[in-house]
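Here's a quick tour of the pockets and of how the two halves of this chain meet. Have a look at the model first, then read on.

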Amino acid sequence: MMTIENYNFAGKKAIVRVDFNTPLDENGHITDDTRIRGALPTLKKILNDGGALILMSHMGKPKGKVNPKYSLKQIVGAVSEALGVPVQFADDCAKAKAQADALKAGEVLMLENLRFYAEEEGKPVGIEKDDPAYEEAKKAMKASQKEFAKTLASYADCYVNDAFGTAHRKHASTAVIADYFDEQNKMLGLLMEKEVEAVDNILKNIKRPFTAIMGGSKVSTKIGIIENLMNKVDNLIICGGMTYTFMKATGGKIGQSLCEDEQLQLALDILAKAKEKGVNLMLCSDSVVADKFANDANTAVCPSNDIPDNMMGMDIGPESRKRFAEVIEQAKTILWNGPAGVFEFDNFAHGSEAIAHAIAKATSNGAYSLIGGGDSVACINKLNLGNQVSYISTGGGALLEAIEGKVLPGIAAIKGE
Ligand code: AMP
């Protein structure tokens, strides 16, 4: 497989799929430029070699329609500043051939939001799955997706995918486009390489004990990864809103806490599987409960399986924080996905803080720690502990799917798997 380090971009035009889906405020100003900074090593390597850059990305979910709210034009200034060179803009990503052809070494062209075209995602628009004409529409859309990818490919001599956040999607710019370049002219970007290495550390180079901390709101969205981790980890800490589905399933009283009633059996199955596999599954034994879903709610601490009828579990309690921290601090491999409580409210962020501090401590003792998924990353950054963990992934869904052991289409398209 070709790598970006081995490729000489001199005199070449490179089309690079980046993830510039940056959060913007209501005035169109970037509130967090992590994703732009993440792409810089790849982009600078190409420019320093003497190549020309064509940048393509999506932003938001415009669902195949032009929408100024999601225009990438809003971030041209920020990208130009980060790269230190002017950035040209193509208002229509599918009609940028002339601009691409005119690019000279060291110049940069950014294409408008790929998702202004439904062909990017390749899903038929305006027709439901149960419609008898759906299959025909899907076939037609797949054909026009190929045409769209071919147009994008025609702008450049080589293709680089550095957008880990969308690598689990088989979209025109993340996978289909790769078919139009031969093996020597397509490669993963440097950020993508780092993400793949981080996943390998968790899946292949495991140092024990391996402790995973799964938080967040719902069991249903994490079940794939929980089941997969059960084959690998020594300790599995389950916290966050998921806790109460487990408590109810085992006969506890959970008051007004979040609960997925349709997942009660699944929760029991997970507990049984942990026992069978000899995994130490830890649930939060005490909770900080509140009388409303708000930062200024009245609070109390009580057993997670005996919550008063008018209260809801919002965070892990002091005893659980201590139990979890003890296990995390002993770990040699750590994966954290999803907050331990409603961390957006400062009063219910203490559990997530305790976890973040324990991970930082374990890391300073030589553990490998990987943090992934938007909320746990936001939490680590809020506490300024970003530089005290081993790796912070830029991928949410993509990271979880990779750790579940699924082959990501964006990576397979380049590696040829
Ligand atoms: P997820 O996207 O599944 O990782 O969930 C993240 C969300 O879970 C965050 O917005 C948290 O506020 C929420 N969350 C964590 N703990 C709880 C809880 N005990 N009750 C309700 N929501 C929670």
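Domain bounds here come from an automatic or database domain assignment. By that assignment, the chain is divided into domain 1 (4-188) and domain 2 (196-403). One caveat up front: this is a predicted model, where local features need pLDDT of at least 70 and side-chain atom pairs count only at pLDDT 80 or more, while totals for chains, interfaces and linings use all residues. Residues are numbered from 1 along each chain as its sequence is written, and side-chain values use heavy atoms, with hydrogens and water left out.

Now the pockets. A pocket is an open set of points on a 1 Å grid over the protein atoms alone, where a 1.4 Å probe fits and protein lies on both sides within 12 Å along at least five of seven lines; lining residues have an atom within 4 Å of a point. Volume is the space filled by probe spheres set on the points, with grid points joined across faces, edges and corners.

| Pocket | Volume | Nonpolar / polar / charged lining residues |
|---|---|---|
| Largest | about 1600 Å³ | 13 / 20 / 15 |
| Second largest | about 550 Å³ | 11 / 18 / 5 |

In that split, Ala, Val, Leu, Ile, Met, Phe, Trp, Tyr, Cys and Pro are nonpolar, Asp, Glu, Lys and Arg are charged, and the others, Gly among them, are polar.

Where does the largest pocket lie? Domain 1 and domain 2 both give residues to its lining, so it lies between them. That lining has 48 residues, with N21, R35, H58, G165 and T166 nearest the centre. Helix α1 (34-49) gives the most, 5 residues. (Helices are DSSP runs of H or I, at least four residues; strands are runs of E, at least two; both are numbered from the N terminus.)

The second largest pocket is lined by 34 residues, and G216, S217, K218, P339 and D375 are the closest to its centre. Here strand β12 (312-316) supplies the largest share, 5 residues. Helix α12 gives at least two residues to this lining, and at least two to that of the largest pocket.

As for the domains themselves, their C-alpha centres lie 34 Å apart. Contact (heavy atoms within 4.5 Å) links 6 residues of domain 1 with 8 residues of domain 2. Together they bury about 580 Å², 68% of it on carbon and sulfur atoms; buried area is the accessible area (1.4 Å probe) that two parts lose on being put together, summed over both.
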